[in-house]
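Reader: I would like a close look at a single part of this model, with the side-chain contacts that go with it. Please keep to what can be computed from the atoms.

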Amino acid sequence: MMRQTIGLNISFNTYMKDLNNAVELLWSKLEAWGAQIVLMLPNIFVALVLLIVTFYVAGFVRDWLGKFINKFSHSAALNNLVLTLLHIGMLMIGFFFVLSVLNLDRVVISLLAGVGIIGLALGFAFQDIAANFISGVIIAVQKPFGVGDMIETNDYFGNIERITLRTIDIRQTTGELVRLPNKMVFENPLTNFSIYGTRRIDLEVGVSYAEDLEQVQQVVIEALQDVKNRVKTRDIEVMFDAFGDSSINFKARFWVSYSRQVDYVSAKSDAIIKIKKAFDANDILIPFPIRTLDFGIKGGEKLSEELQTLSASMKNGQRLGGNGHQD
């Protein structure tokens with residue numbers, strides 16, 4: 001019994017000794033940290049002031065540049081991107097200075113290394129998104145087209161409704177909305193029909209071989225003088241370009257004002273109506289397709305001779321048939 005009591009006392013004393021040592025170690029650590037904090041108070045104060053100044057200066061510079069950059073760039077998406085990147089960059093610089101004031105240079109190096117590794121990983125993971133984003137930035141800078149333009153690209157034809165740094169929204173003439181990634185638009189051929197505000201119509205027409213071509217040319221030019229949306233400063237051109245199977249073909253070319261596809265379609269329809277009326281008034285014929293069958297080619301037999309032979313054969317057959325019936 002005595003041995004058990006002595007053993008318990010020794011264990012308790014050992015536990016209390018370990019506890020006292022732990023408390024003394026913790027207290028010494030707290031004292032050291034407290035002393036360090038007291039020594040760092042000026043640095044902490046400077047760091048707080050620097051952090052506040054950084055936020056204030058970054059906001060002020062962003063607002064000031066926002067008013068300045070809008071005078072040179074009319075792309076809201078690009079302006080917001082530049083201002084946001086500038087604001088974040090200034091905040092990061094200020095944050096690194098704050099860490100440096102607090103003697104946390106190793107943390108700054110670790111953060112920079114981490115940012116580089118994370119950026120590299122994200123670059124591989126989001127290659128398509130990054131490509132669309134960069135393409136959107138280049139498009140916003142070059143401005144090959146704008147909202148409201150009529151374009152054709154990647155087999156899509158329509159009006160641009162919205163341009164972002166990732167996609168371009170195209171409203172097709174039949175009503176469908178197509179959202180194209182900027183990378184596809186940037187890497188493939190694109191036709192902008194609205195960039196100059198005018199467009200040429202090439203109208204193909206055919207007239208009979210019996211017509212006076214100079215008269216046809218004059219009639220067409222006079223008929224197209226008052227076509228809808230026609231640009232009066234440009235001449236109307238009528239050029240004969242082919243001998244067709246049943247007609248002599250020509251192209252009537254004229255320019256119209258263009259902002260929407262309906263401008264082009266309505267002008268072309270009006271031109272067809274006016275040419276048809278002018279031809280009717282001047283007895284100019286637009287011929288139907290004609291096919292001539294010629295059996296008199298070299299190495300063959302003429303159709304007339306074949307018909308005579310066939311007729312004689314039929315008569316002989318009828319006679320023989322009649323004689324057989326009489327028998």
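In which sense do strand 3 and strand 4 pair, and over how many bridges?

Author: The model is a predicted one, and what follows should be read in that light. Strand 3, residues 167-172, pairs with strand 4 in the antiparallel sense, and the pairing runs over 5 bridges. In general, the strands of a sheet pair through backbone hydrogen bonds, in either a parallel or an antiparallel arrangement.

The two strands belong to an open sheet of 5 strands, ordered 4-3-2-1-5 and paired antiparallel. Strand 4 (177-181) is at one of the edges and strand 5 (190-192) is also at an edge; each has a single partner strand, so one side of each has no neighbour in the sheet. From one strand to the next, the twist averages 40°.

Within the pairing of strand 3 and strand 4, one residue pair deserves attention. Asp169 has Arg179, in strand 4, as its bridge partner. The side chains of Asp169 and Arg179 also meet, in a salt bridge with an N to O distance of 2.9 Å. This contact links distant parts of the chain, with Asp169 in strand 3 and Arg179 in strand 4, 10 residues apart. The two ends differ in burial class: Asp169 counts as buried, at 5% relative accessibility, whereas Arg179 is partly exposed, with a relative accessible area of 49%. The cut-off matters for Asp169, because buried means under 20% relative accessible area.

The salt bridge of Asp169 and Arg179 can be set beside others in the model, for which the count comes to 6. Among them is the contact between the side chains of Arg253 and Glu237, at 2.6 Å from N to O. Arg253 is in strand 8 (residues 248-257) and Glu237 in strand 7 (residues 237-243), so this pair ties together parts 16 residues apart in sequence. Arg253 is partly exposed at a relative accessible area of 23%, and Glu237 is partly exposed at 29%.

Another salt bridge lies within a helix. The side chains of Asp280 and Lys276 meet at 2.6 Å, N to O. Both residues lie in helix 7 (residues 261-281), 4 residues apart, which is about one turn of the helix. Asp280 counts as partly exposed at 45% relative accessibility, and Lys276 is partly exposed with a relative accessible area of 43%.

Aromatic contacts bring the account back to strand 2, which stands beside strand 3 in the sheet order 4-3-2-1-5. A search of the whole structure finds 3 aromatic pairs. One of them joins Phe157 and Phe193 edge-to-face, with 5.4 Å from centre to centre and 90° between the planes. Phe157 lies in strand 2 (residues 156-163) and Phe193 in the loop between strand 5 and strand 6 (198-207), so far as sequence goes 36 residues apart. Phe157 counts as buried at 19% relative accessibility, and Phe193 is buried with a relative accessible area of 16%.

Charged side chains also sit over rings. Arg199 lies over the face of Tyr264, at 3.9 Å from the ring centre. In a second case, the charged end of Arg234 is placed over the ring of Trp255, 4.1 Å from its centre.

To return to the request: strand 3 and strand 4 are joined by 5 bridges, and the bridge partners Asp169 and Arg179 also share a side-chain salt bridge.

Definitions and conventions:
Residues are numbered from 1 along each chain as its sequence is written. This is a predicted model: local features need pLDDT of at least 70, side-chain atom pairs count only at pLDDT 80 or more; totals for chains, interfaces and linings use all residues. Side-chain values use heavy atoms; hydrogens and water are left out. Two strands pair if DSSP finds at least two bridges between them. Axes are lines fitted to C-alpha atoms, for helices over the stretch in contact, and angles run from 0 to 180 degrees between N-to-C directions. A salt bridge is a side-chain nitrogen of Lys or Arg within 4 Å of a carboxyl oxygen of Asp or Glu. Buried means under 20% relative accessible area, exposed over 50%, partly exposed in between (1.4 Å probe, protein chains only). Rings of Phe, Tyr and Trp (its six-membered ring) pair if their centres lie within 6.5 Å; planes under 30 degrees apart count as stacked, over 60 as edge-to-face and the rest as tilted. A charge sits over a ring if NZ of Lys or CZ of Arg is within 6 Å of the ring centre and within 35 degrees of the ring normal.
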